[in-house]
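Me: I'm new to reading protein structures and keep tripping over the labels people use. Can you help me see how each one is earned?

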Amino acid sequence: MLPVFLGEPVSPEMLAATLAKLDVTLQVLEDKFLQDKAFLAGPHVSLADLVAITELMHPVGAGCQVFKDRPKLAAWRQRVEAAVGEVLFQEAHEVILKAKNSQPADPIIKQKLMSRVLAMIQ
């Protein structure tokens, strides 16, 4: 989300590496945590599900199709959304889902944040 917020392009190499790490993480989430359960911690939605879905909605907000070609994860997302309620789920993620269409940060703010952001991602 930082490149979207800062209006800075991401190199193809960095994007590929980040997406590869995301793919590994999604596989671990499915295999080690979700397994064959309805929710991450068992048969009912829990804080673990809410935290995980919130984290996964960030790449979705940036345009990454996290749930595409992952039917187990997509079904889990639908169960979490149903448990929370569709309206509340959409409301909770409204800002992040609109982020890719927003304007970059003000140049003054961008300048102040850029050195900190670069230090974090390198």
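Reply: Sure! Let's begin with the helix labels: a helix is a DSSP run of H or I with at least four residues, and helices are numbered from the N terminus. Bear in mind that this is a predicted model.

Me: What does the chain's secondary structure come to, then?

Reply: Six helices and zero strands. Going along the sequence, the pattern reads α-α-α-α-α-α.

Me: What makes α3 look like a regular helix in its length?

Reply: Helix α3 covers residues 47-61, which is 15 residues. The expected span is 1.5 Å times one less than the number of residues. For α3 that gives 21 Å, and the helix reaches 21 Å from its first C-alpha to its last. So the span of α3 is close to what the rule expects.

Me: And what happens to phi at G63, just after α3?

Reply: G63 takes a positive phi of about 105 degrees.

Me: Why are Q35 and D69 picked out for their phi values too?

Reply: Because most residues other than glycine have a negative phi. Q35 isn't a glycine, yet its phi is positive, near 50 degrees. D69 isn't one either, and its phi is about 65 degrees. Q35 sits in the loop between α2 and α3, while D69 belongs to the loop between α3 and α4.

Me: How do you know whether Q35 and D69 are buried or exposed?

Reply: You set the relative accessibility against two cut-offs: under 20% is buried, over 50% is exposed, and anything in between is partly exposed. D69 has 70%, so D69 counts as exposed. Q35 has 36%, so Q35 lands in the partly exposed group.

Me: Why is L56 called buried?

Reply: L56 has 8% relative accessibility, which puts L56 under the 20% cut-off, so "buried" is the right word. L56 lies in α3, and the buried residues of that helix also include D49, A52, I53 and M57. Over the whole chain of 122 residues, 26% count as buried.

Me: What does L56 touch?

Reply: Leaving out residues up to four places away in sequence, L56 touches L26, L29, V66, F67, L73 and W76. F67 is 11 residues from L56 along the chain, and their C-alpha atoms are separated by 9.1 Å.

Me: Which helices do the buried residues of α3 pack against?

Reply: They pack against α2 (12-34), α4 (71-84) and α5 (86-98). Take α3 with α4: the axes come within 11 Å and cross at roughly 115 degrees, in a left-handed crossing. On the α3 side, the contact is made by D49, L50, A52, I53, L56 and M57, and on the α4 side by L73, W76, R77, V80 and V84. By class, that makes nine nonpolar, no polar and two charged residues.

Me: How do you know that α2 is roughly perpendicular to α4?

Reply: Their axes come within 10 Å and cross at roughly 70 degrees. Angles from 65 to 115 degrees count as roughly perpendicular, so α2 and α4 earn that label. The crossing is left-handed. L26, L29, E30 and L34 of α2 make the contact with K72, L73, W76 and R79 of α4.

Me: Why are three residues in the contact of α2 with α4 classed as charged?

Reply: Because Asp, Glu, Lys and Arg are the ones that count as charged. In this contact, E30, K72 and R79 fit that list. The full split is five nonpolar, no polar and three charged.

Me: What makes α4 and α5 roughly perpendicular?

Reply: The axes of α4 and α5 cross at roughly 105 degrees and come within 6 Å. That angle is inside the 65 to 115 range, so α4 and α5 are roughly perpendicular to each other. R77, V80, E81 and V84 in α4 meet E86, L88, F89 and Q90 in α5. The contact has four nonpolar, one polar and three charged residues.

Me: What share of the chain's contacts with a separation of 6 or more joins residues 24 or more positions apart?

Reply: Those pairs account for 70% of them.

Methods
Residues numbered from 1 in each chain as written. Predicted model: local features only at pLDDT ≥ 70, side-chain atom pairs only at ≥ 80, totals over all residues. Heavy atoms only, no water. Helix = DSSP H or I, 4+ residues; strand = E, 2+ residues; numbered from the N terminus. Buried < 20%, exposed > 50% of the residue type's maximum accessible area, 1.4 Å probe, protein only. Contact = heavy atoms within 4.5 Å. Axes fitted to C-alpha atoms, helices over the stretch in contact; angles between N-to-C directions. Parallel < 35°, antiparallel > 145°, perpendicular 65-115°, else oblique. Left-handed = near helix turned anticlockwise from the far one by under 90°.
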